[in-house]
Amino acid sequence: QVQLQESGPGLVRPSQTLSLTCAVSGASVTTNYYYWSWIRQSPGKGLEWMGAISYSGTTYYNPSLKSRTSIARDTSKNQLTLQLTSVTAEDTAVYYCAGPRGVGIYDYWGQGTQVTVSS
């Protein structure tokens, strides 16, 4: 059973960088052909795919967020990381990590972590 657990600060100031971690258990982030995504849902909006990292470390980003988003992994800790720079109130959302069979194929989700951007 794969389990995903997001963590990070619940409050971020405008213009700062949002940093989140997703701890993965029950599978390795380097398992062949696995892809791990970050997805968010803003109040009153649908799910928005932010990007993904593959088993080999290749990253993929939503073009609308690419300039501000960085996804990485720590193989020693079996964790994923998300950084979103220059945040605004529009980045207030519940952030999820999910995977692993591919972008859009999410067998497992974390419980989500609420991030509010506010001064």
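## Exercises on turns, strands and a core

In the hairpin that E5 and E6 form, with 4 residues between the strands, Gly57 has a positive phi near 95 degrees. Keep in mind that this is a predicted model. Let's work through some exercises together.

**Exercise 1.** Find out how E5 is paired with E4 and with E6.

*Solution.*
- Step 1: Start with E4 and E5, which pair in the antiparallel sense over 7 bridges.
- Step 2: Pick one residue of that pairing: Trp38 has Gly51 in E5 as its bridge partner.
- Step 3: Look at the turn. The hairpin of E4 and E5 has 5 residues between the strands, and Gly44 there takes a positive phi near 75 degrees.
- Step 4: Now move to E6, residues 59-61. E5 and E6 run antiparallel and are joined by 3 bridges.
- Step 5: Pick a residue here too: Ile53 stands opposite Thr59 in E6.

**Exercise 2.** Describe the largest nonpolar core and say which strand gives the most to it.

*Solution.*
- Step 1: Count the members. The largest nonpolar core has 25 residues, and those touching the most other members are Leu18, Val24, Trp36, Trp38, Leu80, Leu82 and Tyr95.
- Step 2: Ask where the members come from. Strands E3, E4, E5, E8, E9 and E11 each supply at least two residues of this core.
- Step 3: Find the main contributor: E3 gives the most, with 4 residues.
- Step 4: Zoom in on Tyr95. Leaving out residues up to four places away in sequence, Tyr95 touches residues including Leu18, Leu20, Ile39, Met50, Leu82 and Val115.
- Step 5: Link this to a general trend: in soluble globular proteins, nonpolar side chains tend to be buried together.

**Exercise 3.** Locate Tyr33 and Asn78, and decide whether each is buried or exposed.

*Solution.*
- Step 1: Recall the background: most residues other than glycine have a negative phi.
- Step 2: Check Tyr33, whose phi is positive, near 70 degrees. Tyr33 sits in the loop between E3 and E4.
- Step 3: The relative accessibility of Tyr33 is 57%, and exposed means over 50%, so Tyr33 counts as exposed.
- Step 4: Check Asn78, which is not a glycine yet has a positive phi of about 55 degrees. Asn78 is in the loop between E7 and E8.
- Step 5: The relative accessibility of Asn78 is 14%, and buried means under 20%, so Asn78 counts as buried.

**Exercise 4.** Identify the residues joined by a cis peptide bond.

*Solution.*
- Step 1: Remember that most peptide bonds are trans.
- Step 2: Look at Gly99 and Pro100: the bond joining them is cis, with omega about 0 degrees.
- Step 3: Place Pro100, which is found in strand E9.

Technical notes: Residues are numbered from 1 along each chain as its sequence is written. This is a predicted model: local features need pLDDT of at least 70, side-chain atom pairs count only at pLDDT 80 or more; totals for chains, interfaces and linings use all residues. Side-chain values use heavy atoms; hydrogens and water are left out. A nonpolar core is a set of buried Ala, Val, Leu, Ile, Met, Phe, Trp, Tyr and Cys residues joined through side-chain atoms within 4.5 Å. Buried means under 20% relative accessible area, exposed over 50%, partly exposed in between (1.4 Å probe, protein chains only). Contact means heavy atoms within 4.5 Å. Two strands pair if DSSP finds at least two bridges between them.
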